[in-house]
Amino acid sequence: MSDKKNIAILGSTGSIGTQTLDVIRANPEAFSVEVLTGNGNADLLIRQAIEFNPNTVVIADESKYQYVKEALASHDIKVFSGNKAIAEVVQMDSIDIVLAAIVGYAGLESTLSAIKAGKQIALANKETLVVAGDLVTALAKEKGVNLYPVDSEHSAIFQCLAGEFHNPIEKIYLTASGGPFRGKDKTFLSSAKKEQALKHPNWEMGAKITIDSASLMNKGLEVIEAKWLFGLKPEQIDVIVHPQSIVHSIVQFNDGSMKAQMGLPDMKLPIQYAIGYPNRMRSDFPRFDFMKYPQLTFEPADTKTFRNLALAFDAMNKGGNAPCILNAANEVAVAAFLKDKIGFLQMSDLVEKCIQTIAYIAKPSYEDYVETDKETRRIAEENI
Ligand code: NDP
Ligand code: MG
């Protein structure tokens, strides 16, 4: 019997997906790739399939099915298309762990489906927990599924908690780089362009999360993600801006002691920790050099200028379907900003408008979340 972990990578053609394949390429004795999925980037999906020889690939964009099918015709690889197919293949018996790295609400259905089938989850797709954290964590508990965080801040918290799971957390500090617009005022932001917002100082990521980082919505989504992952009350979560992105987050225990996890910013590290857990696999990533960083600095987040962070805290406090509305409105807003249809500051206006307009549901069912997402997108589009 092989002791390799069989892995399904959802969103393998994205930033997290390709870095996960880098980790697997460097550790071929530890992993076997069972499933790869992409959406628009059929050529990359085909190249990945030829290199890693998975059992199955799924291209979410159905118009590209024939193209992928023909390209892989001489390989022993099953090809399917559509998001329903992704939700089905994640339940295959041969899969041990599912790395969920589809971006946005689109990743919710397949993650829930994998949890239903009892698969361990390495979770990059934070929107899953923002939209339906109550349902996702309850189902994971019922099925005995662990959610291993891939997001660097949550991986940091998780690493600080190793050996401490029985000790109550007093508080966590999520660190934020502040993004490319740290220190800017509203006058600057009102004319900020996507080319500027897409230049993150410390991380190379997909377009959506890069814009979210510039607007601090990413940190807002991460606050809600942390609440669900670590079972925290809103008042136990604080955000602190740390421009060097070396301290990835901090846990404070009830004796006042604090633990932080540090390292150079490289997503391969949290990815590797999530899929390799409980082992730390050797890596050749560059090591941190204190002399190159004589000062690590910390400052408060400017929630007056970057209103998204305040809106996310409000949505978390409100609970129910409020975070689902926040997320859907933000997805529409970011897509519109990337098409130059709205300005940078209008993204927060749109999110706020949707939260004010759409009916609040205190205890939503899965169907309520689906309906809330749809309705929010409709109202948001109307307001652009
Ligand atoms: P990318 O945009 O780089 O990749 C997204 C992936 O999802 C691609 O494989 C894309 O396919 C696929 N995809 C997009 N839309 C759909 C859809 N409707 N149905 C099915 N598949 C789809 O995003 P990232 O890798 O940056 O981010 C992925 C997730 O990880 C996000 O939730 C993000 O918040 C989170 N995350 C990312 C970090 C990072 O450093 N990048 C850090 C922490 C969290 P294709 O490219 O073929 O169109
Ligand atoms: Mg993060």
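## A metal ion and its neighbour, ligand 1

In this predicted model, the magnesium ion (ligand 2) is held by Asp-151 (OD), Glu-153 (OE) and Glu-222 (OE), at 2.1 to 2.2 Å. Donors here are N, O and S atoms within 2.8 Å of the metal (3.2 Å for Na, K and Ca), and with water not among the atoms, sites may look incomplete.

**The magnesium site**
- Along the sequence, its donor residues follow the spacing D-x1-E-x68-E.
- Glu-153 sits in helix α7 (residues 152-161) and Glu-222 in helix α11 (residues 217-230), so this pair links parts 69 residues apart in sequence; helices are DSSP runs (H or I, at least four residues), numbered from the N terminus.
- Glu-153 is buried at 8% relative accessibility, and Glu-222 is buried at 1% (buried means under 20% relative accessible area, 1.4 Å probe, protein chains only).

**Around ligand 1**
- Ligand 1 has 25 residues around it, with Thr-13, Ser-15, Asn-39, Gly-40 and Glu-127 the closest (a heavy atom within 4 Å counts).
- Domain 1 (5-149) and domain 2 (155-318) both supply residues to that shell, so ligand 1 lies between them; the bounds come from an automatic or database domain assignment.
- The side chain of Thr-13 puts an N or O atom 2.7 Å from an oxygen atom of ligand 1.

**Reading the numbers**
- Residues are numbered from 1 along each chain as its sequence is written, while chains are lettered from A and ligands numbered from 1 in the order written.
- Local features need pLDDT of at least 70, side-chain atom pairs count only at pLDDT 80 or more, and totals for chains, interfaces and linings use all residues, while side-chain values use heavy atoms, leaving out hydrogens and water.

Definitions and conventions. Helices (H or I, at least four residues) and strands (E, at least two) are DSSP runs, numbered from the N terminus. Buried means under 20% relative accessible area, exposed over 50%, partly exposed in between (1.4 Å probe, protein chains only). A polar contact is a pair of N or O atoms within 3.5 Å; within protein, one must be able to donate a hydrogen and the other to accept it, and residues adjacent in sequence count only if both atoms are side-chain atoms.
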